[in-house]
Amino acid sequence: MIPTIPQPRAARIAYGAYVALFFVYLALPLTVVGVFAFNNGQFPSLPWEGFTWNWFFGDERPMIGVFHERSILRAMGTSVFVAFCVALLSVAVGLSNAFLFNRYQFRGKSLLYVVMLLPLVIPGIVLGISILVFSSTVANAAWDAAKVDIQALRPGLPLVILGQFSFIATIATLVISARLQKFDRSLEEAALNLGAGKLTAVRTITIPFLAPALIGAMVVAFLMSFENFNTTLMLVGSDAPLTIAMFDRLKEGSTPLLNAVSLLLMLGSSLLALVMILFQRRR
Amino acid sequence: MKAEAKLGFVLLLTPLLLWLVLLIFIPHIDMFLVSLRERVGVGKYETSLANYLTFFREPLYLWTFLRTAVMSTVATAITLLIAFPVSYYIAKIAKGRMQSALFLLCLIPFYVSELVRTFGWMILLRETGLVSNLLQWSGLVDQPVEMLYNDAAIMVGLVYTSMLFMVVPLVTTLESLDDSVIEAGYDLGGNAFSVMREIVIPHAAPGIVSGCIVVFMLSLGNYLTPTMLGGKDSLWFTQLIYSQFIVRFNWELGAAFGFMLLFLSSVIVWGMLRLTGQTLEKTMG
Amino acid sequence: MTPDLECVDLIRRFGETTAVDNVSFEVPAGSFFSILGPSGCGKTTIMRMIAGFLDPTSGDIRIKGKSMAGVAPNKRPVNMVFQHLALFPMMNIADNIGYGLRRKGMARAEIARKVDEALERIGLPGIGKRKVDELSGGQKQRVAIARCMVMEPDVLLLDEPLGALDLKLREHMKIELKALQAAFDTTFVYITHDQSEALVMSDQIAVMNKGVFEQVGTARELYYRPESAFVAGFVGDSNRWRGRIERIEGGEMEMRTESGLSMRGALHGRQLSAGDTADIFVRPEAIRVARSETELASFDNRISGTVSSLLFNGAASRVLVQGGDGGEQIEVTLPQSGEYATLSKGDPVHIGWSGEQGNCFPAGAA
């Protein structure tokens, strides 16, 4: 149960084995994806045809590597752009929300807080279609009224960004609020006492204190946006982000090219996660 | 409030309201209104419950709906059963560096896209996949076995993909249980079973509820995993929504489906909260 | 009669360090036994071994004569009041108290009756339906004890349970704990680093330091006749001086401190000889203050000096006296009967004490 309660040896070993097995289960699919990125054949499956870097660097058919595959590179760029916008927007709104809920008492505050949490319990696909429906209602109304076609309201990147932002903002708010709650307000008062103005106090004392949470929220928002599928699927136009592009390819059958992309994704996000952890530990 | 404070308040409130009203509230109301429209001619609509009637009259729709709900429930239960012992191990048995290392190991797979995770299972489970080859090699079967495109494969994928959202809240709540409370349970004559039932599980209840809510929600709203591991005809409700919106371009019916999905998930979330006496703020916030 | 609790040659090592080093003691039935020591002295280790959360490296623990080796914590006839009480926050008060009885498989009605009885006994009838966090610190304390006492344990272990309370409540709980122990007539083993808790409540106290028992005795014995320099320094306050023994005569000795103060003391049978370096401990309350030297004629140590500092602390007020011929400052308890109310800094005073009152130990022992 806990180490101080004596347990039979067999039970402890069995428990340890179960946990070990769990981690094997966690690692298995990812390992397999990674390993087959180096398969010198047309399929990411057995038989193993030997080792190759071609799925990364190859530049002639049938083995065009990631770095020479235009459509994949473009999708990656789209994803980075979308993720960056979503992260920026979410952290900005999240910071504002955190201050609102932490610093002000007002009627309906707890109700508003619950409403703010709702996007987390709305299925992503429903978020996607509701925004799709609403935006085209507005676009159609604009067309009927003034014969202007607002491109931004048709499926495409602006809608994808808004759709992802609509629930990632909640997560950013929660991450930043958690840290703001730990802030000792007397530090701000001390700054005021030493002659700082109200905004200066927040800028020089509170924001630096929140920095780890801001970075953390930024990274989490970036990763969540990057790997989002459900909401994006409903709002995407002609510029497909990476997950959608990969999904379309996967439907047609897979080559180790997709493994190579996946491996790069894994490395990229692990690196990002690692940077975040190191940054937060340093604080 | 002083004028300055009032200005600050309004400035902070505006983005929140813009976000919630423009991206959450009005879109859902609009979607509801669209779901109440019936197309009677080209560009002509009437308000009616026709779309919902279609949903209830067509056995395939209703069946898919119920099947998705039941499968999601089962996936949630399995995830909880698998995750609880592991979370307990991380929170209460592992100590120091080992503890943080294990916790981190749990997180890493989920920094990677769901697509990649599902792709991994496809490589493992398909006819030419590793598991099939392993079974042939070990002599258990004498020809390739297709393990994709069935409900078990969907289940494996859903459980795998949701694991993190169960492990994290469980580890967090279990960690907050003081060791001495468990010791007190033993000291007063409890055994592993009774301490688990009367002390550990009641303490972990908020974590269990929040984990279950999130996992259930994610399973219910999942499109990728059922489609890739279960095949195109895996009868997942999100596929119906997708096909009405994107393939058939029947937004009215799609909106009605979307609303049914939202309704189902809200009812289950609300029910779970009520059943365990938790609130949304406590479990999510 | 077999003692309720008996520890024989108990040793516990953690890697290289020996937390408990060959400790043996007995606790007679119905008594209040305290283990007093600074944090890290090994007292918690002993308690956790008795409760069964740690196995001794060697040695044996016997309860009512029965060895506890290999007996799981949930099968031992001892119960423990944890440092932070460890009340179950997920249950109400009645369920907390009834927890152990449910484990025994007792009938519901019987449990309810026993719980009510226990609540009655701790003076909190009718709070069974309340939640743990609705109680005050003192009430939680009593509930934690009741939760153990319904189990009718042979020995009740208490792990610094008063540590988290504020001062006033702690004073009150000391008296109440002693009363509860008498009411339940159970053997209590109490560990603490707070000497006043141990002195007030215990029948027997073991002073523990660095894994060993320095001395086991009643409160008075520890206070007046410490057997080691550690005990003399740890229990109560003392003036402590180091010096050389100049002369030994029968049971008496004379020493000169490093700063030149000469004083007499009693040997109390300790192994000391002329020329040894030694530490002498004299309690502030053993020293008399007087306005004139004649009042101190009966004491064999007398010093004239001036008040260098007044430390007012109500009943525990003291003065620091600087001897006329230099040397250390001497801390002296100030009688509160009124005649020294006007004493102030710089006033001349005379102090004196009987050599009998001092305790002298070979230097370097602690």
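In the predicted model, helix 2 of chain C, spanning residues 93-103, packs with helix 3 of chain C, spanning residues 108-121, at an angle of about 125 degrees, and their axes lie 9 Å apart. Helix 2 of chain C is therefore oblique to helix 3 of chain C. The crossing in which helix 2 of chain C passes helix 3 of chain C is right-handed. On the side of helix 2 of chain C, the contact is made by Ala94(C), Ile97(C), Gly98(C), Leu101(C) and Arg102(C), whereas helix 3 of chain C contributes Ile111(C), Lys114(C), Val115(C) and Ala118(C). Classed by character, the residues of this contact between helix 2 and helix 3 of chain C comprise six nonpolar, one polar and two charged.

With respect to its domains, chain C is divided into domain 1, covering 5-232, and domain 2, covering 237-362. The centres of domain 1 and domain 2 of chain C, taken over C-alpha atoms, are separated by 39 Å. Contact between these domains involves five residues of domain 1 of chain C and six residues of domain 2 of chain C, and the side belonging to domain 1 of chain C consists of three nonpolar, one polar and one charged residues.

Between chains A and B, 67 residues of chain A are in contact with 70 residues of chain B. Helix 1 of chain A, which runs over residues 9-36, gives the most to the side of chain A that touches chain B, supplying 12 residues. This side of chain A has, by class, 53 nonpolar, 13 polar and one charged residues.

How values were computed. Residues numbered from 1 in each chain as written. Chains lettered and ligands numbered in written order. Predicted model: local features only at pLDDT ≥ 70, side-chain atom pairs only at ≥ 80, totals over all residues. Axes fitted to C-alpha atoms, helices over the stretch in contact; angles between N-to-C directions. Helix = DSSP H or I, 4+ residues; strand = E, 2+ residues; numbered from the N terminus. Parallel < 35°, antiparallel > 145°, perpendicular 65-115°, else oblique. Left-handed = near helix turned anticlockwise from the far one by under 90°. Contact = placed C-beta atoms within 7 Å. Nonpolar A, V, L, I, M, F, W, Y, C, P; charged D, E, K, R; others polar. Domains from an automatic or database assignment.
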